[in-house]
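Reader: I would like to learn how to read a model like this, feature by feature. Where should we begin?

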Amino acid sequence: MMKNKQNKTNNHIDWLSVIICAAPILFFMLINMFCFDTYYDLNDDVTIKDMLSGIFTGVPDAHVVYMKYPITIILALMYRVLPNVSWLGLFELACFAFSCFVISYSIVELTNKRYLQIFLSLAMSFIFQALLIYQSIFVQYTVVSGVLAVAGMVSLFFSKDYEEGSSTGNKITSIVLFALSFCVRDSMFLFVSPFILASVLIKFFLQKGKKEESIKRAIPFIISFVIVMIAIVGIDKLAYSSKAWREYKEFNDYRTTLFDYQKDAPWYMFHPEIYDEMGFSESEAQVLVDTNLMFTDRIDTSILKRVVAYNKVTLGKGYFAVGFKEALTFYLYTLHKTRECKYCYLIIGMYVFLMIVSIVRKRYAYIPIALSIFVIKSIDWMYLIMRGRIKDRVTVPLCFCEIMLLLCLIIKLVYEEKRALVLIAIVCLALTMFYPMFRRNLKDTNEEMALRIEKDKGWAEFRDYCDSRYENFYFMDLISNITFSEKIFANDDVKYSNYTLCGGWLSKSPSYERKLSVRSITDVDEAILNREDVYFISMDFRDTNWLSGYYNDRGYYVSCDEVDRIYINDSQYYVVYGGNIR
């Protein structure tokens with residue numbers, strides 16, 4: 001018979017349980033890091049690292065925009081103290097490990113039997129490996145935010161805070177995790193928040209007795225949570241309260257709408273009227289289409305606003321990129337195609353598993369609970385599909401959240417038996433569903449690693465080229481360079497980089513202007529035209545006729561000549577443009 005711990009409160013930490021939970025998680029993470037190099041997943045993560053470390057502007061800068069200022073200022077200060085330490089990567093990996101630990105510890109603490117604690121800890125560690133091995137190797141800050149929020153949800157779900165003599169330990173842990181999640185990526189936290197609210201309501205619904213006492217005890221938690229969130233938002237708004245940052249935020253909102261949600265700017269050959277109305281030549285329009293927003297000062301907030309309005313009114317690109325009927329068809333399709341959502345079969349299996357266990361146990365209340373979770377999940381997914389934002393960095397945390405909530409319900413349902421063998425048998429059966437997922441994610445990790453190694457060689461060649469010509473400055477064509485990433489523990493020197501994308505989410509920001517001011521660059525197009533130490537770089541497959549056309553339209557009859565090449569492999573290379581363009 002399994003029994004709850006007697007005379008134990010959350011004021012007392014069972015350090016042996018802590019070790020039992022932490023050891024396998026750390027072991028698996030070390031094994032992963034030993035077998036694979038750890039990468040920042042996207043160029044966005046590299047840009048954030050460059051800003052925080054001082055590589056971007058020359059000094060650590062906490063204005064990361066998509067991460068909240070209370071966390072970025074701490075990371076920036078740490079880079080000032082020890083600049084050669086990969087603080088951002090360490091922080092993200094620590095968040096992964098701590099989140100997995102909290103989830104595992106919340107479940108292990110259900111029992112005081114050591115052998116059962118060890119079994120549950122090992123089982124949870126395997127589940128984390130099965131679900132998140134790829135994400136723990138290719139680290140992305142949006143995914144980190146989602147995992148933190150899920151850990152807070154599980155901690156709250158299994159908390160004993162409403163029992164007599166208990167403390168607020170789990171509540172504090174949940175608030176810390178929610179705050180970190182919100183700081184790392186607020187939009188991801190908001191996507192997960194419906195599941196968090198559902199877990200709280202489910203816990204309350206399944207609780208036996210003392211519901212009024214539970215509500216009273218929840219009030220301080222809710223107040224504390226709201227105060228923390230208000231403080232985070234307040235500090236962040238204060239950090240971006242200057243006129244320059246407010247203007248940039250407005251510009252970036254329209255940039256996001258145009259290129260992330262409406263997908264692109266209209267091509268001149270198909271829609272010349274909008275550009276003629278704005279006084280843009282075809283070459284200037286191509287600058288906008290290619291998202292090289294820093295190339296000319298003519299692309300400002302008013303221009304983006306007019307193009308966004310044109311897309312909406314003339315081309316029908318409204319708030320939702322996809323209609324409801326089309327989105328519903330796509331959503332139902334993804335449920336049966338693991339190529340689109342590789343977790344779908346596992347999730348469906350867990351729903352079926354929960355239903356079967358609830359029927360066998362005659363706990364029919366779990367059936368509408370499972371259906372309510374499915375409805376919440378469907379609303380989240382339908383919104384993402386209709387907005388055209390089905391990205392792995394968003395859907396993986398959502399799937400992880402759904403799986404963890406279903407797993408919590410299964411464990412809670414089985415735990416009511418208070419039979420160790422029954423729990424072990426059920427968990428073993430559940431683990432068989434995770435094994436195919438582990439094999440799939442391990443295969444994806446190996447394949448992606450092979451691709452990253454090849455890409456890393458090209459990006460390393462590019463950086464070495466720029467570093468060996470440190471007196472020069474290089475603007476990179478955005479479309480040619482959106483897929484680069486870097487190793488987290490690359491041991492590179494932390495110094496100002498003499499290259500940057502000619503667009504992206506930092507375009508027109510004070511940080512971007514500060515970067516250019518280090519090399520006394522004010523106008524990008526003028527610098528490329530008139531200075532012998534400023535160049536434009538794009539991949540060999542990119543058509544750069546617009547570059548010569550841009551200057552010809554302005555009365556400069558010059559050609560855009562190839563000055564040098566940076567070879568990635570035998571067939572691909574970067575082209576450095578300059579020379580006769582001046």
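Author: The turns below go from the whole chain to single strands, helices and residues. Keep in mind throughout that this is a predicted model.

Reader: Let us start with secondary structure. How many helices and strands does the protein chain have?

Author: The protein chain has 21 helices and 7 strands. Its radius of gyration is 26 Å, close to the 25 Å that the globule rule gives for 582 residues, so the chain is as compact as a globular protein of that length.

Reader: What box do the C-alpha atoms fill?

Author: Taken along the principal axes, the box is roughly 85 × 50 × 45 Å.

Reader: What share of the residues counts as buried?

Author: Buried means under 20% relative accessible area. By that cut-off, 56% of the 582 residues of the protein chain are buried. The accessible surface comes to about 25,700 Å², and 61% of it belongs to carbon and sulfur atoms.

Reader: And how should I read the contacts along the sequence?

Author: Take the contacts between residues at least 6 apart in sequence; in this chain, 77% of them join residues at least 24 apart.

Reader: How far apart are the mean positions of the positive and negative charges?

Author: They are 13 Å apart, for 62 positive and 62 negative charges.

Reader: Now a single strand. Is strand β5 largely enclosed or open?

Author: Count its buried residues. In β5, residues 534-539, 6 of the 6 are buried, so the strand is largely enclosed by the rest of the structure. Then look at each face: V534, F536 and S538 are buried on one side, and Y535, I537 and M539 are buried on the other.

Reader: Which strands are joined to β5 by bridges?

Author: Strand β3, residues 473-476, runs parallel to β5 and is joined to it by 4 bridges. Strand β7, residues 573-578, runs antiparallel to β5, also with 4 bridges.

Reader: Which residues can I use to find these pairings on screen?

Author: For the parallel pair, find F475, whose bridge partner in β5 is F536. For the antiparallel pair, find M539, which stands opposite Y574 in β7.

Reader: Let us turn to helices. What is the general idea about the directions of side chains?

Author: An α-helix has 3.6 residues a turn, so residues three or four places apart point the same way.

Reader: How many residues of α2 are buried?

Author: In α2, 10 of the 11 residues are buried, so this helix is largely enclosed by the rest of the structure. The buried residues are N43, D45, V46, T47, I48, K49, D50, M51, L52 and S53. Just after α2, G54 takes a positive phi of about 100°.

Reader: Take one residue of that helix. What does L52 touch?

Author: L52 lies in α2, residues 43-53, and is buried, with a relative accessible area of 0%. Leaving aside residues up to four places away in sequence, L52 touches P60, D61, A62, V64, T72, L75, A76, Y79 and L88. As a distance to compare on screen, L52 and S224 are 172 residues apart in sequence and 29 Å apart in space, C-alpha to C-alpha.

Reader: Where is T301, and is it buried or exposed?

Author: T301 is in helix α13, residues 301-313. Its relative accessible area is 19%, so it is buried under the 20% cut-off. Not counting residues up to four places away in sequence, T301 touches E247, E250, F251 and Y254.

Reader: Can we do the same for a loop residue, S497?

Author: S497 is in the loop between β3 and β4. At 6% relative accessibility, S497 counts as buried. Beyond residues up to four places away in sequence, S497 touches I55, F56, F473 and K515.

Reader: Last, backbone angles. Which residues other than glycine have a positive phi?

Author: K263 and K508 are among them. Phi of K263 is near 80°, and phi of K508 is about 70°.

Reader: Where are these two lysines, and how is each one covered?

Author: K263 is in the loop between α10 (243-261) and α11 (272-278). It is partly exposed, with a relative accessible area of 39%. K508 is in the loop between β4 (499-501) and α19 (510-518). K508 is buried, at 18%.

How values were computed. Residues are numbered from 1 along each chain as its sequence is written. Side-chain values use heavy atoms; hydrogens and water are left out. Buried means under 20% relative accessible area, exposed over 50%, partly exposed in between (1.4 Å probe, protein chains only). Helices (H or I, at least four residues) and strands (E, at least two) are DSSP runs, numbered from the N terminus. Two strands pair if DSSP finds at least two bridges between them. The radius of gyration is taken over C-alpha atoms; the globule rule is 2.2 Å times the number of residues to the power 0.38. Contact means heavy atoms within 4.5 Å. Accessible areas come from the Shrake-Rupley method with a 1.4 Å probe; for residues, only the protein chains shown count as cover. Lys and Arg count as positive and Asp and Glu as negative; His and the chain ends are not counted. The place of a charge is taken as NZ of Lys, CZ of Arg, CG of Asp or CD of Glu.
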